[in-house]
Amino acid sequence: MKRLIACLLFAPMFAVAAEPAKEIVCRACHGVGGAAPLMGLYPKLNGQNKDYLVSSIKAYKTGQRQGGMAGVMVSQSTGLSDAEINELAAYYASQP
């Protein structure tokens, strides 16, 4: 019981910033936290400007951005709401 109480008291001190649920999908190509892309063709997302990330994802979603891995990105971004896009962009912009 003492251990449980200690865990509950000290857990907030060690809490890690929550990642968006959709980040798991991005991780497959861009790596954990967007810092370790699977291939050189994929960009690092960590530390990118939030507004740039939002506009890029929205451009893929609407089909305005093409070339490279656009086919993959279109399929990944189509189901994202504006709130999810903003959440992902904020998360990656905050990553070191």
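## A helix crossing, two cysteines and two contrasting residues

L38 is exposed, with a relative accessible area of 61%. Keep in mind as you look around that this is a predicted model. Below you will find the neighbours of L38, the crossing of helices α2 and α5, the cysteines C26 and C29, and finally S77.

**L38 and its neighbours**

- You can find L38 in the loop that runs between α2 and α3, the latter covering residues 50-62.
- Leaving aside residues up to four places away in sequence, L38 touches A28 and C29.
- Between L38 and A28 the C-alpha to C-alpha distance is 7.5 Å, with the two lying 10 residues apart in sequence.

**Where α2 meets α5**

- Helix α2 spans residues 23-30 and helix α5 spans residues 82-93; their axes come within 11 Å and cross at roughly 50 degrees.
- Because of that angle, α2 is oblique to α5.
- The handedness of this crossing of α2 and α5 is right-handed.
- On the α2 side, the contact is made by E23, C26 and R27, while α5 contributes L88, Y91 and Y92.
- Sorted by class, the residues in the contact of α2 with α5 are 4 nonpolar and 2 charged, with no polar ones.

**The cysteines**

- How many disulfides does the model have? The count comes to 0.
- C26, one of the α2 residues in the contact with α5, is in no disulfide; the nearest cysteine sulfur belongs to C29 and is 8.9 Å away.
- Why does C29 not bond to C26? A disulfide is a covalent bond between the sulfur atoms of two cysteines. The cut-off used here is 2.5 Å between sulfur atoms, and the sulfur of C29 is 8.9 Å from that of C26, its closest cysteine sulfur, so the two are too far apart for a bond.
- C29 is partly exposed, since its relative accessible area is 22% and the buried class is kept for values under 20%.
- C29 is also one of the residues that L38 touches.

**S77 in helix α4**

- S77 sits in helix α4, which is made up of residues 70-77.
- Is S77 buried or exposed? S77 is buried, because its relative accessible area is 1%.
- The residues that S77 touches are I57, Y60 and K61, again not counting those up to four places away in sequence.

Notes: Residues are numbered from 1 along each chain as its sequence is written. This is a predicted model: local features need pLDDT of at least 70, side-chain atom pairs count only at pLDDT 80 or more; totals for chains, interfaces and linings use all residues. Side-chain values use heavy atoms; hydrogens and water are left out. Axes are lines fitted to C-alpha atoms, for helices over the stretch in contact, and angles run from 0 to 180 degrees between N-to-C directions. Helices (H or I, at least four residues) and strands (E, at least two) are DSSP runs, numbered from the N terminus. Angles under 35 degrees count as roughly parallel, over 145 as roughly antiparallel, 65 to 115 as roughly perpendicular and the rest as oblique. A crossing is left-handed if the near helix is turned anticlockwise from the far one by less than a right angle, and right-handed if clockwise. Contact means heavy atoms within 4.5 Å. Ala, Val, Leu, Ile, Met, Phe, Trp, Tyr, Cys and Pro count as nonpolar, Asp, Glu, Lys and Arg as charged, and the others, Gly among them, as polar. Buried means under 20% relative accessible area, exposed over 50%, partly exposed in between (1.4 Å probe, protein chains only).
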